[in-house]
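Let's walk through this model together, starting with one helix and working outward to the whole fold. Keep the viewer open as you read.

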Amino acid sequence: MPVRKAAATGPHVLRRMNVAAVLAALREGDTPTARVTDLASLTGLSRPAVTRALTELRDCGLVEFTAAAGPQQLGRPAQYARFRAESGHVAGVDIGPHKVLVVIADLAGRVLATHRAAVDRGAAGPQLFATVRAALTAAAAEAGVALSSLWAVSTGTPGIVDRERGEVLLAPSIPDWAGLPAVSLLRDWLHCPVSIDNDVNLAVLAERWRGAAAPTEARSGADAGVRTDCLVFVQWGRRIGTGIVINGRPYRGNSAAAGELGFVDLVGDPDARPGPRPADGMGPFERLVGAEAIHRLALDAGAPVGDAHDIAPLFAAAEAGDRAAVEVVERVAARFARGLAVLLLVLDPGRVVIGGGVSRAGDTLLGPVRRHLRSHTLVPVELNASVLGERAVAMGAVRHALDVAEERVTATHQGVT
């Protein structure tokens, strides 16, 4: 797609926008090398403006000019520019109560290494932070890059996050994680920009970038006419959270608490006084359709399940036609559709992507969910499973880190501090 930037008034601002437009066109192109004339066409800028922007990018080590391959044509030779994606790196980190997942990528978003580290059961904030540091170190070593080559690091965590201050305000699933100055500690250690966001808010970025909601040149069939700039991503596992994109922009709400689907109460007594919040921090909807709830339903119905809340055997049995398993899946799908419909009726996103461990059931579960949704919503919605699996949060963090790295480049080389 052409990368066009709006006009600006000041020359410094205009040059900064031109550099950003040329960088985006070169970085996101089909190949890392492009002709100057092609970049002018993609960005809508004049050839001299593109050349000036490329020169600035060359001066900061992001671009190099190359000769055309193959036989030379008569007249002035075409000038080519190559994006030096290897000149820096970014890291995306998924921080959770059970695992830390780190993805190292170059400046074009090409993944160089993925490292997964287990978190000890019940680990508190300081121990989790030590695991994050160790995982970052191991991932960089596996990628063959130095930690000092990181231009930006983005992290995702469950809970309510103040992105501006870089603080976790509430994280019921991780003891002593809220209030820990993880961002400033990482920033002091790595000497690069470090940010933090709610994990599901990052996952929705990944799905729009390289996942089930990524844009394509043309859509057909059920995907025709479905907007990818209005999207709901639901992380469905033991806990349930939601990432929301409206008109192409993440929506977090006034207190960064938007999308807490797990706390929707479908069965509560409206006349009852609210009791104390459970010690585990679980919401009513999570207790109704979370992975642990599905495991209990299967046990009560005599359907196949594994140990330690393993529900994979349930869905395998349902796919094979086991009657008890099918009935449990139908019951879960009906409950989930009722809760999800609350969001869909308010937001009308057009597309829903389901991630998390439960989504691995695929159409065995999502097929019934789609069917039940039709009786609760007014307009059709496209509902698919995530194609990124457990990497969704870390890949969304990579996408955000790339944006931060680009802002760092354009600001630094336009005299903006």
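In helix H8 (residues 291–301), the buried residues are Ala-291, Glu-292, Ala-293, Ile-294, His-295, Leu-297 and Ala-298. Buried here means under 20% relative accessible area, exposed means over 50%, and partly exposed is what falls in between (1.4 Å probe, protein chains only). Helices (H or I, at least four residues) and strands (E, at least two) are DSSP runs, numbered from the N terminus. The cover over the buried residues of H8 includes strand E11 (231–236), helix H7 (284–289), helix H9 (312–319) and helix H10 (323–347). Just after H8, Gly-302 takes a positive phi of about 75 degrees.

A word on what you are looking at: this is a predicted model, in which local features need pLDDT of at least 70 and side-chain atom pairs count only at pLDDT 80 or more, while totals for chains, interfaces and linings use all residues. Residues are numbered from 1 along each chain as its sequence is written, and side-chain values use heavy atoms, with hydrogens and water left out.

Two other residues have a positive phi although neither is a glycine: Asp-176, at about 60 degrees, and Asn-247, at about 50 degrees. Most residues other than glycine have a negative phi. Asp-176 sits in the loop between strand E9 (167–170) and helix H5 (182–190), and Asn-247 in the loop between strand E12 (240–246) and strand E13 (249–251). Are they buried or exposed? Asp-176 is exposed because its relative accessible area is 57%, and Asn-247 counts as exposed because its relative accessibility is 55%.

Now turn to some buried positions. Val-200 lies in helix H6 (residues 199–210) and counts as buried because its relative accessibility is 5%. Leaving out residues up to four places away in sequence, Val-200 touches Phe-233, Gln-235, Gly-241, Thr-242 and Gly-243, where a contact means heavy atoms within 4.5 Å. The C-alpha atoms of Val-200 and Gly-355 are separated by 9.4 Å, although the two residues are 155 apart along the chain.

Glu-56 belongs to helix H3 (residues 47–59). At 18% relative accessibility, Glu-56 counts as buried, and its C-alpha atom is separated by 9.6 Å from that of Arg-15, 41 residues apart along the chain. Ser-149 is in the loop between helix H4 (125–143) and strand E7 (150–157), and it too counts as buried, at 18% relative accessibility. Not counting residues up to four places away in sequence, Ser-149 touches Gly-88 and His-89.

Which residues touch the most other members of the largest nonpolar core? Of its 48 residues, these are Leu-26, Leu-39, Leu-54, Leu-57, Leu-62 and Val-90. A nonpolar core is a set of buried Ala, Val, Leu, Ile, Met, Phe, Trp, Tyr and Cys residues joined through side-chain atoms within 4.5 Å. The largest share of this core, ten residues, comes from H12. Apart from it lies another core, of 39 residues, among them Phe-285, Leu-314, Ala-318 and Leu-344. In soluble globular proteins, nonpolar side chains tend to be buried together.

Leu-62 is worth selecting: beyond residues up to four places away in sequence, its contacts include Leu-23, Phe-83, Leu-107, Trp-151 and Val-409. These residues also appear, with Leu-62 itself, in the lining of the largest cavity, which includes Arg-27 and Glu-406 as well. On a 1 Å grid over the protein atoms alone, a cavity is a set of points where a 1.4 Å probe fits but cannot get out, and lining residues have an atom within 4 Å of a point. About 60 Å³ of space lies in this cavity. The elements that give two or more residues to its lining are helix H1 (11–27) and helix H12 (392–412), and H12 gives the most, with four residues.

Finally, zoom out. The protein has twelve helices and 15 strands, and 49% of its 417 residues count as buried. Among contacts between residues at least 6 apart in sequence, 64% join residues at least 24 apart.

Terms used. On a 1 Å grid over the protein atoms alone, a cavity is a set of points where a 1.4 Å probe fits but cannot get out, and a pocket is an open set with protein on both sides within 12 Å along at least five of seven lines; lining residues have an atom within 4 Å of a point. Grid points are joined across faces, edges and corners, and a volume is the space filled by probe spheres set on the points.
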